[in-house]
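Student: Could you take me through one helix of this model up close, with the neighbours it packs against? I'd like one connected picture rather than a tour of everything.

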Amino acid sequence: MKIAIVGSGYVGLVTGGCLADFGHDVTCIDKDEDKIEALERGEIPIYEPGLAELVKANVAAGRLAFTTQLAGAVAAAQVVFIAVGTPSRRGDGHADLRYVREAAREVADAVSGFTVVATKSTVPVGTGDEVAQIIATTNPAADVAVVANPEFLREGAAIDDFKRPDRIVVGIEDERARSVMSAVYQPLYLNKSPLMFTNRRTAELIKYGANAFLAMKITFINEMADLCEAAGGNVQEVARGMGLDNRIGGKFLHAGPGFGGSCFPKDTLALIKIGQDLGSPMRLVETTVSINEQRKGAMSRKVVAACGGEVRGKTIGVLGLTFKPNTDDMRAAPSLDIIGGLLDQGARIVAYDPHGMASARGLIDTVEYVSNAYAVADNADALVLVTEWDEFRSLDLARIKTAMKTPVLVDLRNVYSHDEVTRHGFAYFSVGRPAGAGGKSGLSGAAE
Ligand SMILES: NC(=O)c1ccc[n+]([C@@H]2O[C@H](COP(=O)([O-])OP(=O)(O)OC[C@H]3O[C@@H](n4cnc5c(N)ncnc54)[C@H](O)[C@@H]3O)[C@@H](O)[C@H]2O)c1
C-alpha cells in the first residue's frame, strides 16, 4: 500500500519505519526542514533503540522516503496518517489541536481518489468529527474516510511495541475504512495482535482512558511508597505482592519521582478538561494530577533532607535526565523540577545522561554537564539517581565513594539495595523502603 505520514517525530518516524518494514511504500512528511534533511542524510533526529537500523534498511530497500512536500506524497497515498504533536494548550490544559487542524487542511487540498485519513495523534473525543468537517469544508470534492487510530507505543521500546502491540484500535464511521485499515495492519493481525474496531469517538476515548489509568496506577504506588516510609514497609515488596494478582498486574507499579514525559502529563490534563467540558468530571484523574504535581517538590525536599537540610553552596550530582531510560525525550521530565527546586535552594548541579543532554541543554543551562557517571560524583556532596539507565545499575560504588566529598546517594528509582550501598559507607535514601524494612533490591525497578 502507499502510505503518507504527516509528522515525522517520535510516533511518525517509528510508524513510518515499521509500516515500511511490513512491505508498504511509505513517505514520512515533516514541516521541519532540518529534520527532513537530516533523515535524507541518514541521520536520525531522535534516540530510539533500533530506529536507525530500521530506517536505514527500509530506505535502502526503496520502501521509505522523506519529504517536506506534503502534496505529492498525500496525492499518491491510499492511507494518510496524521502524527503531529498535540501539546497542552497554555492555561487550560486542553489539547492544542492547531497542528492537527493545519494538517487536516493541507491533506484536504492534496488528496486524490478515495483516501483513508487516520489520526495517530492523541486527540480529544470528537476531533475525528472535526477533522472530517475541516476536510469537507476545505475540499468538498475530497473522498475520504476519517479514522481514529491512536498509538500506544512507549518511547524506548517503540519498535517492539509497534510490531507486537497488545492491541490495535481503529475507530471508523465509514465501512470502507475497515478493509483498508485491516490491510495496513495485516502482518500484525496474522501475528495475532487483536485488531479492534470501534466507532471513532470510542477509539479516541480508549487512548485517554489507557494513559490516565496508567498514570493513576503509578501515582497509587507512589502514595503507597510514602505510606511505606511512614509505616516501615517496603514498597517494592508491596508492589510485588499486589502485582502478582492477575487482576492488578505488576507493570506500572514501580515507585519513583512521579510520572513525566511527552504523554501522561498532557494527556491527563486533556482528559480532565474533556470531562469538565462535558459535565462529567474525571475526579480520580484530577486527584492523580494534583498528587503528581506535589510529588515534584517533595522529591527536591527529599534530596535537601538527605543533605542535612541545606544544599546552598553544595554540589549535587544528578544521574539521568530523561523522563525514562532509552530515550532522549526531555519533555516534562521529573529531573527538570527536581533540578529546578535544588537550584532555587542554592545548590550547584552537575549532571550526566547517556542520551538526554543535548535536549536538556536547551531547557536548563545553569547545570554543568559532564561525560560520565564518575565525573558526576567528582567532589559531590550528594548523588541523585533520577533515571534508571542500565549503565547506572552497576556503578563501581567504591570508586564513586572515593570521588565524592560526602557519600550520600538518593536513589529515586530504587535501583540499589540498602545493604549493598550502606556496606560501601554511603548514607542511602530510596523511595518507600526505609532502612531495615527488607532493603534487598533484586526486584527490578525496570522502566515500562
Ligand atoms: N511520543 C510518544 O511516546 C507517543 C506515544 C503515543 C502517542 N503519541 C501522540 O502522537 C502525537 C505525536 O507525538 P510525537 O511525540 O511524535 O511528537 P513530535 O513533536 O515528536 O513530532 C511531531 C512532528 O510533527 C511535525 N509537524 C507538525 N505539524 C506538521 C504539519 N502540518 N505537517 C508536517 N509535519 C508537521 C513537527 O515538525 C514534528 O516533527 C501526539 O499527539 C502524541 O500525544 C506520542
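Tutor: Sure, let's take α10, and bear in mind that this is a predicted model. Start with its partner α13: the two helices are oblique to each other, because their crossing angle of roughly 45 degrees falls outside the ranges that count as roughly parallel, antiparallel or perpendicular. Their axes come within 9 Å, with α13 covering residues 283–306, and the crossing is left-handed. On the α10 side, the contact uses Ala-212, Ala-215, Met-216, Thr-219, Asn-222, Glu-223, Ala-225, Asp-226 and Glu-229. Facing them from α13 are Leu-284, Val-285, Thr-288, Ile-291, Arg-295 and Lys-302. Sort the residues of this contact by type and you get seven nonpolar, three polar and five charged.

Now the other neighbour, α12. Here α10 (residues 200–231) meets a helix spanning residues 264–277, and the axes again come within 9 Å, crossing at roughly 115 degrees. That angle makes α10 and α12 roughly perpendicular to each other, and this crossing is left-handed too. From α10, the residues involved are Tyr-208, Asn-211, Ala-212, Leu-214, Ala-215 and Ile-218; α12 brings Phe-264, Asp-267, Thr-268, Ala-270, Leu-271 and Ile-274. By type, that contact divides into nine nonpolar, two polar and one charged.

Put the two lists together and Ala-212 and Ala-215 of α10 turn up in both, touching α12 as well as α13. So much for α10 and its two partners.

Note on methods: Residues numbered from 1 in each chain as written. Predicted model: local features only at pLDDT ≥ 70, side-chain atom pairs only at ≥ 80, totals over all residues. Heavy atoms only, no water. Axes fitted to C-alpha atoms, helices over the stretch in contact; angles between N-to-C directions. Helix = DSSP H or I, 4+ residues; strand = E, 2+ residues; numbered from the N terminus. Parallel < 35°, antiparallel > 145°, perpendicular 65-115°, else oblique. Left-handed = near helix turned anticlockwise from the far one by under 90°. Contact = heavy atoms within 4.5 Å. Nonpolar A, V, L, I, M, F, W, Y, C, P; charged D, E, K, R; others polar.
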